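Hello,

Here is the structure I promised to pass on. Please open it first, then read the notes below it.

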Amino acid sequence: MASSAEPRIAIIGGGPSGLVLLLTLFKHGIPAMVYEREVSSDARAHLGGMLDLEWSSGQRALRENGLEELFVKYSRAGDAEETRICGKAGVPLIHRKKEKPTNGDLRESRPEIDRRALRELLLGAVPQESVKWGHALASVCLLDEGRHELTFTNGLVTVVDFLVGADGANSRVRLLLSSATLQYHGVTGVEISLSPDSASASENHDVSDAVGMGSCYCGEDNKIFTTQRNGDGRIRAYLWHRNALTWALPNNPKDAKKALLDLFSDWAPWHRKIIELCDESAIYLRPLLYLPIGHCWDHKPGVTLIGDAAHLMSPFAAAGVNLAMLDALELGLVLGASITSGASVEKRGADIVDWEEQMLERAEKWAALAKRNLETCVSPGAPQSILETLKDGFGKV
């Protein structure tokens, strides 16, 4: 029977899942190390929009790690949950508002929090020396007894007993477990945004009024133009349409904006105004990729995956970050219980196998929903197809 000595744990990726896992282990007195390729927490500060956290998954991961009060402080319940559904005319066909719970009970709410605010909240709760910035994983070499030698692009080489891939869509750790390749939904597009100053300018009140305080989804003609207001006042937009994966915009920002204006030539003036005024230094290509629905792997000792590395799906089920944070919490609890009880390495491995099976079964249901929702939203039948799906319980697995 292998020794149950405290293992050296490496987490690749410092996103929400990696940090939740680190925090959960830390709360159990178990050291671990996160290796993040970004050079600092300030890198790509304006990337990524709002994240709506659900009570039994994303919120639970924070709640069980003592961060509920800080989440309530920095999240936006009520106004940020406002939702509008439109066609290309930009006129709401459905407009739903939600009041902030007066008793503080968030069980029926999905408060929004900016991705950056969530990261800072988590970073503030873990030992700073446990997060290594500027560490991009270059290669992994399997050693004996489930150990792995990690080599990073900055030259660092280290050996670990347990490796967790929380490294997203293009996970390098996933290559150790699965030969699955990313699939293309046939939908591509861009992320653009209006700065807080531009979004709040009086001459742009038409855009601000159309977007509202939460999210607005406008779908028609196999295209969808989604907008959301971030906590800092920035208006972020995602413009998706059906096209080949090779579709791209010109490198020159002004030419890129012209191409987008041509693509949305007959859409509402406020849609086109967002394109015209968007930050020219922040136009990002966003093709929609996913792992095969039902993606799984044969367990191997000393390594596993969480979040997008395990079950990448489109954002059309609003499940990605919630599943990732729940994966991380559960894995942390499994490892914590195993290590603190002194269980053998074999018993720890068996517990992880059980957890992996449950995690992947759950993810399969959400991945299927995300694919169905995408087909509904980016379709020739939108916006009517979106409205009909809403009546049937849009967003339920």
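**Salt bridges**

Arg60 is partly exposed, with a relative accessible area of 21%. Buried means under 20%, so at 21% Arg60 does not count as buried. Bear in mind that this is a predicted model.

Which residue does Arg60 bridge to? The partner is Glu64, and the closest N and O atoms of this salt bridge are 2.7 Å apart. Glu64 has a relative accessibility of 43%, so Glu64 counts as partly exposed too. Side chains of opposite charge can pair when their charged atoms come close.

The structure holds 19 salt bridges. Another of them joins Glu82 to Arg84. Here the closest N and O atoms are 2.9 Å apart. Are these two residues buried or exposed? Glu82 is buried, at 6% relative accessible area. Arg84 is buried as well, at 11%.

A further salt bridge runs between Asp327 and Arg362. The closest N and O atoms of that pair are 3.1 Å apart. This pair links distant parts of the chain. Asp327 sits in helix H10, which covers residues 320–340, and Arg362 sits in helix H11. The two are 35 residues apart. Both Asp327 and Arg362 are buried. There is also a network: salt bridges with shared partners join Lys88, Asp221 and Asp266.

**Overall build**

The protein has 12 helices and 19 strands. Its radius of gyration is 22 Å. The globule rule gives 21 Å for 397 residues, so the protein is as compact as a globular protein of that length. Along its principal axes, the C-alpha trace spans about 70 × 50 × 40 Å. Of the 397 residues, 52% are buried.

Two residues give a feel for distance. Thr151 and Asp266 are 115 residues apart in sequence. In space they are 51 Å apart, C-alpha to C-alpha. Thr151 lies in strand S9, residues 148–152. Thr151 has a relative accessibility of 21%, so it counts as partly exposed. Asp266 belongs to the salt-bridge network with Lys88 and Asp221.

**The sheet**

Look next at an open sheet of 7 strands. Their order is S5-S4-S14-S15-S16-S13-S17, and the pairing is mixed. Which strands are at the edges? They are strand S5 (92–96) and strand S17 (284–285), and each pairs on one side only.

Inside the order, strand S4 (residues 83–86) pairs with strand S14 (residues 215–220). The sense is parallel, and the pairing runs over 4 bridges. To find one of these contacts, start from Ile85. The bridge partner of Ile85 in S14 is Tyr217.

**Cavities**

How many cavities of 30 Å³ or more does the structure hold? There are 2.

The largest has a volume of about 60 Å³. It is lined by 13 residues. Pro292, Gly294, His295, His311 and Ala367 are the closest to its centre. Helix H9 (308–311) and helix H11 (345–377) each supply at least two residues of the lining. H11 gives the largest share, with 4 residues. By class, the lining of the largest cavity has 9 nonpolar, 3 polar and 1 charged residues.

The second largest cavity has a volume of about 40 Å³. Its lining is made of Trp55, Gln59, Leu62, Arg63, Glu68, Phe71, Val72 and Leu106. Two elements give two or more residues each: helix H2 (58–63) and helix H3 (68–74). By class, this lining has 5 nonpolar, 1 polar and 2 charged residues.

**Where to look**

If time is short, take three stops. Begin with the buried pair Asp327 and Arg362, which links distant parts of the chain. Then view the pairing of S4 with S14. Finish at the largest cavity, to which H11 gives 4 lining residues.

Best wishes

Definitions and conventions:
Residues are numbered from 1 along each chain as its sequence is written. This is a predicted model: local features need pLDDT of at least 70, side-chain atom pairs count only at pLDDT 80 or more; totals for chains, interfaces and linings use all residues. Side-chain values use heavy atoms; hydrogens and water are left out. On a 1 Å grid over the protein atoms alone, a cavity is a set of points where a 1.4 Å probe fits but cannot get out, and a pocket is an open set with protein on both sides within 12 Å along at least five of seven lines; lining residues have an atom within 4 Å of a point. Grid points are joined across faces, edges and corners, and a volume is the space filled by probe spheres set on the points. Ala, Val, Leu, Ile, Met, Phe, Trp, Tyr, Cys and Pro count as nonpolar, Asp, Glu, Lys and Arg as charged, and the others, Gly among them, as polar. A salt bridge is a side-chain nitrogen of Lys or Arg within 4 Å of a carboxyl oxygen of Asp or Glu. Buried means under 20% relative accessible area, exposed over 50%, partly exposed in between (1.4 Å probe, protein chains only). Two strands pair if DSSP finds at least two bridges between them. The radius of gyration is taken over C-alpha atoms; the globule rule is 2.2 Å times the number of residues to the power 0.38.
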